[in-house]
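User: I should like a close look at the salt bridges of this model. Please explain where the partners lie and how accessible they are.

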Amino acid sequence: HPGRRSPPAAMSLPAGWTMMLEPNSGKPYYHNAATGVTQWTPPAAESAGAGALPPGWQAHVDPASGRTYYVDTDRGVTQWTHPGGGNGGAPPPPPPSGSSYSLSGAGGAPPVSAPDAGRQGSELTAADLAAIAAIEEADAREEEERRRAREREANAGPGAVVDEAGLDDDSEVRAHEWVANRDAQACFLTGAKFTLTIRRHHCRYCGQVFAATACSKKVAIPALGFKEPVKVCDVCHAQLEAGDPICLSKEVSRLRSEDVADQQQGLRALAEWAAFDPHFASDHVRQACDRLGVPARLRELLASDRSTPVPGLAAKLAAAMAAYEVYLEALAGSEPSLVPPLVRILGSSRTSAEGRTHAAKALSLLLDDDDVRREAGAMGVPSALLEPVLEGRCPDGMLEWLARGLARICAADDGAARDAARAGAAFV
């Protein structure tokens, strides 16, 4: 056995724990034969002098090892050591992750050559230590930002509006515009699930949470009070460099929301930007829309409850995007197709006249695509385009888009042209 048992210790150890001496240095360490845990710190130190937990913290018992660990429910932080002190204000150690290793701010990692090193949780490799060091560094940065926020809150004047994280609304992004860590389970851009090694990173511009691979760039944002470069996501970095007027990620987050008011706000902002600013068709915006899944989400909103303004506003965004050739292919190739929900909006009495006009425009523009025309002909779309005209349900501005769409189909499909002629349509 590489370690030897020590003389009887003056301190009392919990049941199952034994103090031993590391043969090379003579330094004492502690081993639990029942759980396989080996650590430098006396196990009694975790509970000695712990006292009451700070606000927001809870104590739990790890069923695998029987050890107590602590959770900050406000920040989503989990750690082995009691948060009440003893670590000199250093960042918390890494959280339990299924392995039963233990770290100590004073003593470092358990010895690699400790007894029972082959058992789970008793050995840390060099790669493990490097990963843990990176995690601690990230935690330290986050903690430093929180410390500065608390200082700003303490120093705020009586007229300042300060939220729970201490970010005032005059110069910096307000914390309520940031997604809470506990609400973000995956990267906003890539969809990668967050784990012990895939950490959460907030973009200082849009407030969404990303993996490090999608949020590694830095840029100053004077409009938000960030005069020095701060961390932003890939999408926001490209937008800030280009001077775009709308934060795409923030509006897409509203599209993804389950709240109807948020959906309307996001759709309206993006539709107006697309309709009036040709830079919406810039490569970086188009690529970002594709990576953020805008066409797929747009299809879902087109098919949503037509008793709300959402489908009509979704049709407005679809029409504004389809006006650009760079977006037409993505929209035309959307799976499931955008054609069925647009046709339903056309015939809906619950959708506003403006919303139905946007649907007619979007459908007409999509019919410029050969595949969409074939699909529309097979679905009987020519009849759906004629119906509002024949029934007198054709609002101002809608007729030209209905006629354009019908003409596109009939020019490529003789059968559709004959059916339209029999119904009373004449093309001049």
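Analyst: A residue is called buried when its relative accessible area is under 20%, exposed when that value is over 50%, and partly exposed in between. The model is a predicted one, and the terms just given can be applied to each partner in turn.

R373 has a relative accessible area of 13%, so R373 is buried. The side chain of R373 meets that of D370 in a salt bridge, with a distance of 2.1 Å from N to O. D370, by contrast, is partly exposed, because its relative accessible area is 43%. Both residues belong to helix α11, where they are three residues apart, about one turn of the helix. Why does such a spacing suit a pair of partners that point the same way? An α-helix has 3.6 residues a turn, so residues three or four places apart point the same way.

Helix α11 holds a further pair, R374 and D371, again three residues apart, about one turn of the helix. Their salt bridge has its closest N and O atoms 2.2 Å apart. R374 has a relative accessibility of 55% and therefore counts as exposed, while D371, at 49%, counts as partly exposed.

Another salt bridge joins R404 to D368, and here the closest N and O atoms are 2.9 Å apart. R404 lies in helix α13 (residues 399-412), whereas D368 lies in the loop between α10 (353-366) and α11 (370-379), so this pair ties together parts that are 36 residues apart in sequence. R404 has a relative accessible area of 30% and is therefore partly exposed. D368 is also partly exposed, because its value is 26%. The pair does not stand alone: D368, R404 and R408 are linked in a network of salt bridges. For the structure as a whole, the count comes to eight salt bridges.

A buried charged residue can also be examined outside these pairs. K231, in strand β11 (residues 226-232), has a relative accessibility of 17% and therefore counts as buried. Its side chain is joined to that of H201 by a polar contact of 2.9 Å. Leaving out residues up to four places away in sequence, K231 touches H201, H202, C203, R204, C215, K217 and K218. One of these, C203, is among the residues with the most contacts inside the largest nonpolar core, which has 78 residues. The largest share of this core, ten residues, comes from α7.

Notes. Residues numbered from 1 in each chain as written. Predicted model: local features only at pLDDT ≥ 70, side-chain atom pairs only at ≥ 80, totals over all residues. Heavy atoms only, no water. Core = buried A, V, L, I, M, F, W, Y, C linked by side-chain atoms within 4.5 Å. Buried < 20%, exposed > 50% of the residue type's maximum accessible area, 1.4 Å probe, protein only. Helix = DSSP H or I, 4+ residues; strand = E, 2+ residues; numbered from the N terminus. Polar contact = N/O pair within 3.5 Å; in protein donor to acceptor, adjacent residues only side chain to side chain. Contact = heavy atoms within 4.5 Å. Salt bridge = Lys/Arg side-chain N within 4 Å of Asp/Glu carboxyl O.
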